[in-house]
Amino acid sequence: MKKTIPLFVLFLSIACFALAQSSSMPAGAADHIALNSTDLKWQQSEFPGVMVAVADGDPSKEGAAFSIYLKFPANFKFPAHYHPTDESLVVVKGALGVGVGDKMDPKSGMMLTAGAFGKMNKEVHHYAWTGKMGATIALYGTGPFATTFVNPADDPRKKP
Ligand SMILES: [Cu+2]
């Protein structure tokens, strides 16, 4: 008589193997991050009036994932700009207006409220603004997170 392994034994061994895998400490467990909003270390960003808190990674590092928070004041305008990498964001608090194009035009943009998601593909010209609530967003992507303004004169980093 031919000996075969019953199917359920095979499934059982696969299940046990999977269980053993998940119960061992995976690499990177020591670097696990769990942050409450009160744990964030806010600092002035390179853009006057915009605060930044790095939650994970280093946004300036090429090819590395990063997660940051940005806090925009009320009635703020972030002129048309672009990034060398994709930018994804979730609005945490307040509301952030976003639009695509070479010039700020809130009428053709969209207001994203708390809980909303947005993604801007690399090199795509876009702009953002806030209303009276201001906005706090979580922004993540792969570095380097660099910003180039479509009109260099709009660059708030170059203003005195
Ligand atoms: Cu942007």
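Thr136 lies in strand β8. In this predicted model, Thr136 is buried, because its relative accessibility is 11%, under the 20% limit. Beyond its neighbours within four places in sequence, Thr136 is in contact with Trp42. Its other contacts include Tyr69, Leu70 and Lys71. A further group of contacts is formed by Val90, Val91, Val92 and Lys93.

The next residue along, Ile137, touches Ile68, Tyr69, Leu70 and Phe72. Leu89, Val90, Val91, Val92 and Leu96 are also touched by Ile137. Residues up to four places away in sequence are not counted here. Ile137 is one of the residues with the most contacts inside the largest nonpolar core. Ile68, Leu70, Phe72, Phe78, Leu96 and Leu139 are the others named in that group. The core has 21 residues. Strands β3 (65-72), β5 (87-100) and β8 (126-142) each give two or more residues to it. In soluble globular proteins, nonpolar side chains tend to be buried together.

The overall architecture is as follows. The chain holds one helix and nine strands. The order from the N terminus is α-β-β-β-β-β-β-β-β-β. Of the 160 residues in the chain, 32% are buried. Among contacts with a separation of 6 or more, 68% join residues 24 or more positions apart. The exposed area of the chain is about 10,500 Å². Carbon and sulfur atoms supply 61% of that area.

Trp129 is also found in strand β8. Trp129 counts as buried because its relative accessibility is 10%, under the 20% limit. Leaving aside neighbours within four places in sequence, Trp129 is in contact with Phe76 and Lys77. Its contacts also include Ala95, Leu96, Gly97, Val98 and Gly99. Met104, Pro106, Gly109, Met110 and Met111 complete the list. Trp129 and Pro79 are 50 residues apart in sequence. Their C-alpha atoms are 8.2 Å apart in space.

A copper ion is bound by four protein donors. The donors are His81 (NE2), His83 (NE2), Glu87 (OE) and His126 (NE2). They lie 2.1 to 2.7 Å from the ion. Their spacing in sequence is H-x1-H-x3-E-x38-H. The angles among the four donor atoms run from 75 to 164 degrees. The site is irregular. A tetrahedral site would require all angles to lie between 85 and 135 degrees.

Three of the donor residues can be placed by accessibility. His81 is buried, because its relative accessible area is 3%. His83 is likewise buried, at 3% relative accessibility. Glu87 counts as buried at 8% relative accessibility.

The surroundings of His81 can be described further. His81 is found in strand β4 (residues 77-82). A polar atom of its side chain lies 2.8 Å from the backbone oxygen of Pro79. Apart from residues up to four places away in sequence, His81 touches Val124, His125, His126 and Tyr127. His81 also touches Thr147, Thr148, Phe149 and Val150. The contact list of His81 therefore includes His126, and contact here means heavy atoms within 4.5 Å. His126 is itself a donor of the copper ion.

Lys122 lies in the loop between β7 (117-120) and β8. Residues up to four places away aside, Lys122 touches His83, Pro84, Thr85 and Asp86. One of these, His83, is a donor of the copper ion. Lys122 and Pro84 are 38 residues apart along the chain. Their C-alpha atoms are separated by 5.2 Å.

Several loops carry backbone features of note. Glu123 is placed in the loop between β7 and β8. Its phi is near 70 degrees, a positive value in a residue other than glycine. Glu123 counts as partly exposed, at 44% relative accessibility. Asn75 is found in the loop between β3 and β4. Asn75 has a positive phi of about 50 degrees, although it is not a glycine. Asn75 counts as exposed because its relative accessibility is 60%, over the 50% limit. Pro144 lies in the loop between β8 and β9 (148-149). A cis peptide bond joins Gly143 and Pro144, with omega about 5 degrees.

Technical notes: Residues numbered from 1 in each chain as written. Predicted model: local features only at pLDDT ≥ 70, side-chain atom pairs only at ≥ 80, totals over all residues. Heavy atoms only, no water. Donors = N, O, S within 2.8 Å, 3.2 Å for Na, K, Ca; no water. Tetrahedral: all angles 85-135°; square planar, octahedral: opposite > 155°, others 65-115°. Buried < 20%, exposed > 50% of the residue type's maximum accessible area, 1.4 Å probe, protein only. Helix = DSSP H or I, 4+ residues; strand = E, 2+ residues; numbered from the N terminus. Areas by Shrake-Rupley, 256 points an atom, 1.4 Å probe, with all protein chains shown as cover. Core = buried A, V, L, I, M, F, W, Y, C linked by side-chain atoms within 4.5 Å. Polar contact = N/O pair within 3.5 Å; in protein donor to acceptor, adjacent residues only side chain to side chain.
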